[in-house]
Amino acid sequence: PTVCAGYSMGGLLVVERFLAGQIQCAKFVLFAPAFALLTPEFAASLLQAVLPATFKVPSGIPGDYKHFDYLGLAPTFATLNAVRRLHHQLKNLNGKTLPPGIIFSDVRDRVVDGQKMRDMVREYFPQWRVVDVEALPLNEHHAFHMVIDQPHLGEAQWTKMTGEINAFLKQ
């Protein structure tokens, strides 16, 4: 069986593509999935209407992960479009249930709206479980969003997360 895993936009896309019938997953393991962003929808829509996708903004990606100092708006616009598609798909589930899933998220995340994401999980994925983890505040811009590796979680949270994943995959 295929386990679909994703972090942030990747978590959003594996669920959205699954619902679109483009991929098959037996289970989902997601880290801070971008189901709902803290960026106000109206502001993002306005930017999308007036700025080209090639418009560059300073990268907020932490130095350990950053490849470019500036990013075009295309990734942001792609994320917003995927969020819109996911929300549309969820409203039209017609009783379809998703395979089991587990999500790791820090409630203090400054990129993903953790409360909206948790509300969505309760409403649309009642068989899924959200596990709260506490990321280290290593980077002010992406503070608490980096719940994907041991350096950003610390040893205790990393051990907790990997133990949860192992137990979930054995079910």
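Colleague: What makes Cys 4 and Cys 25 a disulfide?

Modeller: In this predicted model, the S to S distance between Cys 4 and Cys 25 is 2.0 Å. The cut-off for a disulfide is a pair of cysteine sulfur atoms within 2.5 Å. The value of 2.0 Å satisfies this cut-off, and therefore Cys 4 and Cys 25 are joined by a disulfide. By this rule the count comes to 1 disulfide. In general terms, such a link is a covalent bond between the sulfur atoms of two cysteines.

Colleague: Why is the disulfide of Cys 4 and Cys 25 called left-handed or right-handed?

Modeller: The name follows from the torsion about the S-S bond, which is about -85°, so the disulfide of Cys 4 and Cys 25 is left-handed.

Colleague: Which parts does the pair tie together, and how do you know that?

Modeller: Cys 4 belongs to strand 1, while Cys 25 sits in the loop between helix 1 and strand 2, so the pair ties together parts that are 21 residues apart in sequence.

Colleague: Are Cys 4 and Cys 25 buried or exposed, and how do you know that?

Modeller: A residue is buried when its relative accessible area is under 20%. Cys 4 has 8% relative accessibility and therefore counts as buried. Cys 25, at 9%, also counts as buried.

Colleague: What is notable about the phi of Ser 8?

Modeller: Phi of Ser 8 is near 60°, a positive value in a residue other than glycine. Ser 8 occupies the loop between strand 1 (3–7) and helix 1. Its relative accessibility is 14%, so Ser 8 counts as buried.

Colleague: What can be said of the phi of Ala 32?

Modeller: Ala 32 is not a glycine, yet its phi is positive, at about 45°. This residue lies in the loop between strand 2 (27–31) and helix 2 (41–50). With 1% relative accessibility, Ala 32 counts as buried.

Colleague: Why is helix 1 called parallel, perpendicular or oblique to helix 3?

Modeller: The axes of helix 1 (residues 9–19) and helix 3 (residues 74–91) come within 9 Å and cross at roughly 40°. That angle makes helix 1 oblique to helix 3. The reasoning is that angles under 35 degrees count as roughly parallel and 65 to 115 as roughly perpendicular, so an angle of roughly 40° belongs to neither group. Helix 1 passes helix 3 in a left-handed crossing.

Colleague: Which residues of helix 1 meet helix 3?

Modeller: On the side of helix 1 they are Met 9, Leu 12, Leu 13, Val 15, Glu 16, Arg 17 and Leu 19. Their partners in helix 3 include Pro 75, Ala 78, Ala 82, Leu 86 and Gln 89. The residues of this contact divide into 11 nonpolar, 2 polar and 3 charged.

Colleague: Which residues in helix 1 are buried, and what covers them?

Modeller: The buried residues in helix 1 are Gly 11, Leu 12, Val 14, Val 15, Glu 16, Phe 18 and Leu 19. Strand 1, strand 2 and helix 3 are among the elements that cover them. As background, an α-helix has 3.6 residues a turn, so residues three or four places apart point the same way.

Colleague: Why is Ala 20 called buried, partly exposed or exposed?

Modeller: Ala 20 has a relative accessibility of 33%. Buried requires a value under 20% and exposed a value over 50%, so Ala 20 counts as partly exposed. Ala 20 is placed in the loop between helix 1 and strand 2. The C-alpha atoms of Ala 20 and Gln 89 are separated by 7.7 Å, although these residues are 69 apart along the chain. Gly 21, just after helix 1, takes a positive phi of about 80°.

Colleague: How do you know whether Gln 171 is buried or exposed?

Modeller: The relative accessible area of Gln 171 is 69%, which is over 50%, and Gln 171 is therefore exposed. Gln 171 is found in the segment after helix 6 (155–170).

Colleague: How many helices and strands are in the protein chain, and what pattern does the chain follow?

Modeller: The protein chain has 6 helices and 6 strands. Along the sequence the pattern is β-α-β-α-β-β-α-β-α-β-α-α. Of the 171 residues, 42% are buried.

Definitions and conventions
Residues are numbered from 1 along each chain as its sequence is written. This is a predicted model: local features need pLDDT of at least 70, side-chain atom pairs count only at pLDDT 80 or more; totals for chains, interfaces and linings use all residues. Side-chain values use heavy atoms; hydrogens and water are left out. Axes are lines fitted to C-alpha atoms, for helices over the stretch in contact, and angles run from 0 to 180 degrees between N-to-C directions. Helices (H or I, at least four residues) and strands (E, at least two) are DSSP runs, numbered from the N terminus. Angles under 35 degrees count as roughly parallel, over 145 as roughly antiparallel, 65 to 115 as roughly perpendicular and the rest as oblique. A crossing is left-handed if the near helix is turned anticlockwise from the far one by less than a right angle, and right-handed if clockwise. Contact means heavy atoms within 4.5 Å. Ala, Val, Leu, Ile, Met, Phe, Trp, Tyr, Cys and Pro count as nonpolar, Asp, Glu, Lys and Arg as charged, and the others, Gly among them, as polar. Buried means under 20% relative accessible area, exposed over 50%, partly exposed in between (1.4 Å probe, protein chains only).
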